[in-house]
Amino acid sequence: MTVKLGIPSKGRLMDKTFDWFEERGLTLKKTGSEREYSGAVEGIDGVELVLLSAGEIPRELAAGRIHLGVTGSDLVREKVPSWETRVMELAQMGFGGADLIIAVPSAWVDVDTLDDLDAVAAQFRKNHGFRLRIATKYHRLVRDYLREHGVADYQLVDSQGATEGTVRNETAEAVADITSTGETLRANNLKILSDALVHSSQATLFKSRAADWSGDNRNTLMALENMLGL
Ligand SMILES: Nc1ncnc2c1ncn2[C@@H]1O[C@H](COP(=O)(O)OP(=O)(O)OP(=O)(O)O)[C@@H](O)[C@H]1O
Ligand SMILES: O=P(O)(O)OC[C@H]1O[C@H](OP(=O)(O)OP(=O)(O)O)[C@H](O)[C@@H]1O
């Protein structure tokens with residue numbers, strides 16, 4: 001039996017994940033050719049490396065097909081219903097930081113808060129005969145957040161990339177997306193609502209509650225937690 005550790009195979013979280021483990025005495029190695037998604041862990045016995053896209057790691061953790069996994073805290077909350085019952089946060093890793101926010105056109109000078117958005121949304125529906133559109137790929141997180149804050153008169157439209165462009169292209173009036181430097185928002189003449197920080201995300205090491213932690217795997221986890229100082 002081995003403990004399967006899922007690590008981003010590419011993208012912005014991969015290199016820093018390798019560095020984070022290295023600093024704690026564990027060397028993660030991609031094996032095979034550049035494009036082959038297999039790997040090994042040196043420094044501990046009983047741990048197998050599984051290379052996956054950051055976006056797939058939440059589902060694999062929830063299903064228990066991997067025991068441990070590194071991905072953004074936003075992706076777990078978005079992709080796993082009742083995520084806390086399925087996975088557990090073991091360590092916030094201190095990189096990959098980005099905020100999921102709601103933004104509107106900078107030209108909307110009277111709209112700075114969710115209350116303002118709610119008022120504009122009601123008026124928008126009256127004027128246009130359809131609900132104000134918010135483009136996002138974070139459907140669950142945004143829907144839950146807006147429900148908690150009493151905003152109802154809107155619709156989500158799906159955007160899997162270049163989300164900030166939807167306002168310019170007139171396929172949405174507002175966006176809910178990840179930002180780190182804020183440059184993409186500025187370049188597209190959008191401003192963040194002051195009380196619309198939906199989630200502050202960072203790379204996080206998660207443990208699956210559904211995976212098989214019996215026998216040797218339990219001991220391997222204890223050894224790993226020791227090495228990682230958890
Ligand atoms: N501009 C950004 N700055 C910092 N982190 C970001 C930024 N945009 C997204 N992230 C974070 O990076 C993670 C996603 O990483 P990445 O885009 O590499 O993986 P992915 O979703 O699997 O994409 P792909 O499969 O297209 O490579 C998310 O947790 C997200 O919060
Ligand atoms: O605040 P900033 O530093 O400008 O970063 C924000 C941008 O980065 C992410 O996009 P990504 O690069 O993942 O491309 P995407 O549009 O395909 O999602 C995110 O969706 C924003 O568009």
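**Briefing: strand 12, its neighbours and the ligand 2 shell**

Strand 6 (residues 87–92) and strand 12 run antiparallel and are joined by 5 bridges. The model is predicted. Its chain holds 9 helices and 12 strands. Of the 230 residues, 36% count as buried. The C-alpha trace spans about 65 × 35 × 25 Å along its principal axes. Among contacts with a separation of 6 or more, 69% are between residues 24 or more positions apart.

**Strand 12 and its partners**

- Strand 12 covers residues 203–208, and 6 of its 6 residues are buried, so the rest of the structure largely encloses it.
- In a regular strand, side chains alternate between the two faces of the sheet.
- In strand 12, Ala-203, Leu-205 and Lys-207 point one way. Thr-204, Phe-206 and Ser-208 point the other way. Both sets are buried, Lys-207 included.
- Strand 5 (residues 68–72) also runs antiparallel to strand 12, with 5 bridges between them.
- Which residue of strand 12 is the bridge partner of Glu-89? The partner is Phe-206. Gly-69 stands opposite Phe-206 too.

**Strand 5 and strand 1**

- Strand 5 is mostly covered, with 5 of its 5 residues buried.
- Strand 5 pairs with strand 1 in the parallel sense, over 2 bridges.
- Gly-69 recurs here: in strand 5, Gly-69 is the bridge partner of Gly-6.

**Helix 1**

- Helix 1 takes in residues 14–23, and its buried residues are Thr-17, Trp-20 and Phe-21.
- Seen down the axis of helix 1, these buried residues fall within an arc of 90°, so they line one face of the helix.
- An α-helix has 3.6 residues a turn, so residues three or four places apart point the same way.
- Asp-15 and Glu-23 are exposed on the other side of helix 1.
- The cover over the buried residues of helix 1 includes strand 1, strand 2 (27–31), strand 5 and strand 12.
- Gly-25 follows helix 1 and has a positive phi, near 90°.

**Helix 9**

- Helix 9 (residues 216–228) has 13 residues. From first C-alpha to last it reaches 18 Å, close to the 18 Å expected at 1.5 Å a residue.
- Which residues of helix 9 are buried? They are Thr-220, Leu-221 and Leu-224.
- Viewed down the axis of helix 9, the buried residues lie within an arc of 100°, so they line one face of the helix.
- The face turned away from the buried side carries exposed residues: Arg-218, Asn-219, Met-222 and Asn-226.
- Strand 1 (3–8) and strand 4 (47–52) are among what covers the buried residues of helix 9.
- Gly-229 comes after helix 9, with a positive phi near 70°.

**The shell around ligand 2**

- Residues around ligand 2 include Gly-161, Ala-162, Thr-163 and Glu-164. The others are Asp-177, Ile-178, Thr-179, Ser-180, Thr-181, Gly-182, Glu-183 and Thr-184.
- How many residues of this shell are nonpolar, polar and charged? The shell divides into 2 nonpolar, 7 polar and 3 charged.
- Strand 10 (174–179) and helix 8 (183–187) each supply at least two residues of the shell.
- Strand 10 gives the most, with 3 residues.

**Positive phi outside glycine**

- Ala-162, one of the residues around ligand 2, has a positive phi of about 50° although it is not a glycine.
- Ala-162 sits in the loop between strand 9 (154–158) and helix 7 (165–168).
- Is Ala-162 buried or partly exposed? Ala-162 counts as partly exposed because it has 13 C-beta neighbours inside 10 Å. A residue needs 20 or more to be buried.
- Ser-82 also has a positive phi, near 45°, and is a residue other than glycine.
- Ser-82 lies in the loop between helix 3 (73–79) and helix 4 (83–86).
- Ser-82 has 7 C-beta neighbours inside 10 Å, so it counts as exposed.

Note on methods. Residues numbered from 1 in each chain as written. Chains lettered and ligands numbered in written order. Predicted model: local features only at pLDDT ≥ 70, side-chain atom pairs only at ≥ 80, totals over all residues. Helix = DSSP H or I, 4+ residues; strand = E, 2+ residues; numbered from the N terminus. Expected span 1.5 Å × (residues − 1). Buried ≥ 20, exposed ≤ 12 C-beta atoms within 10 Å, placed from the backbone. Arc of directions from axis to C-beta. Contact = placed C-beta atoms within 7 Å. Near = placed C-beta within 6 Å. Nonpolar A, V, L, I, M, F, W, Y, C, P; charged D, E, K, R; others polar. Pairing = 2+ DSSP bridges.
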